[in-house]
Amino acid sequence: QLWKKDVARRSIPLTKGMAINRVAVLYPEINLWGLILPKHNQLALKTDLTEEQARKLFKGLVHYGYLGPRTPVENFLSIMGIGEYPFHTVNWIGTGMNSLVYCVKRICGHKNSDLLKRMCDCFTVNGQPLNHGTLKTKSSYVDRNVDKFDFVPLLDKIIASAKKK
């Protein structure tokens, strides 16, 4: 009540994100991130997963070594456009860019006409930023050779397990 809506008009330095997050976690009854951040992140992927399904998917990807064990689940939820968390890219450490392309296309491909551009904004692979042209080439290669990759059955299993009710 003290801050009212005025907090949304304040400019917040990007270097103060962790401090703001500590305050936001301390006072969960006040949706500070909802006041500060835009309602829809333009960089996030569009998906039909619920938050519970996205959390299950995240756990599966971490368990099988596609995402780092220290990756915060909030970062994953933010790139999926779920919840009101600060947007952070997620580092894919799996078997390379092919597995990332396959996984994201299976989860979000039908909802995003600009999927590859959004992937460049949402992911890095082994700490390296993604290149749209390379992703485009990898995407068509993965589509043509799905039966040759050993990660396909495992990723299908993780995705199916996450989507179970």
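So, to start us off: at what angle do helix H6 and helix H7 pack, and how far apart are their axes? Keep in mind, everyone, that this is a predicted model.

Here is what comes out. H6 covers residues 115-122 and H7 covers residues 132-144; the angle is about 125 degrees, and the axes lie 9 Å apart. That angle makes the two helices oblique to each other, and H6 passes H7 in a right-handed crossing.

Who makes the contact? From H6 we have Leu116, Lys117, Met119 and Cys120, and from H7 we have His132, Leu135, Lys136 and Ser139. By character, the residues of this contact are four nonpolar, two polar and two charged.

Now let's stay with H6 and look at burial. Leu115, Leu116, Arg118, Met119 and Cys122 are buried in this helix. Looking down the H6 axis, these buried residues fall within an arc of 160 degrees, so they line one face of the helix. And what covers them? The cover includes H7, as well as helix H4 (73-79), strand S1 (90-92), H5 and strand S2 (123-125).

That brings me to a residue in H5, Val104. H5 itself spans residues 97-108. Val104 has a relative accessible area of 3%, under the 20% cut-off, so Val104 counts as buried. Beyond its neighbours within four places in sequence, Val104 is in contact with Leu115, Met119, Leu45, Gly109 and Phe123. Leu115 and Met119 should ring a bell, since both are among the buried residues of H6.

One last pair for you: Val104 and Thr47 are 57 residues apart in sequence, and their C-alpha atoms are 9.8 Å apart in space. Thanks, everyone!

Notes:
Residues numbered from 1 in each chain as written. Predicted model: local features only at pLDDT ≥ 70, side-chain atom pairs only at ≥ 80, totals over all residues. Heavy atoms only, no water. Axes fitted to C-alpha atoms, helices over the stretch in contact; angles between N-to-C directions. Helix = DSSP H or I, 4+ residues; strand = E, 2+ residues; numbered from the N terminus. Parallel < 35°, antiparallel > 145°, perpendicular 65-115°, else oblique. Left-handed = near helix turned anticlockwise from the far one by under 90°. Contact = heavy atoms within 4.5 Å. Nonpolar A, V, L, I, M, F, W, Y, C, P; charged D, E, K, R; others polar. Buried < 20%, exposed > 50% of the residue type's maximum accessible area, 1.4 Å probe, protein only. Arc of directions from axis to C-beta.
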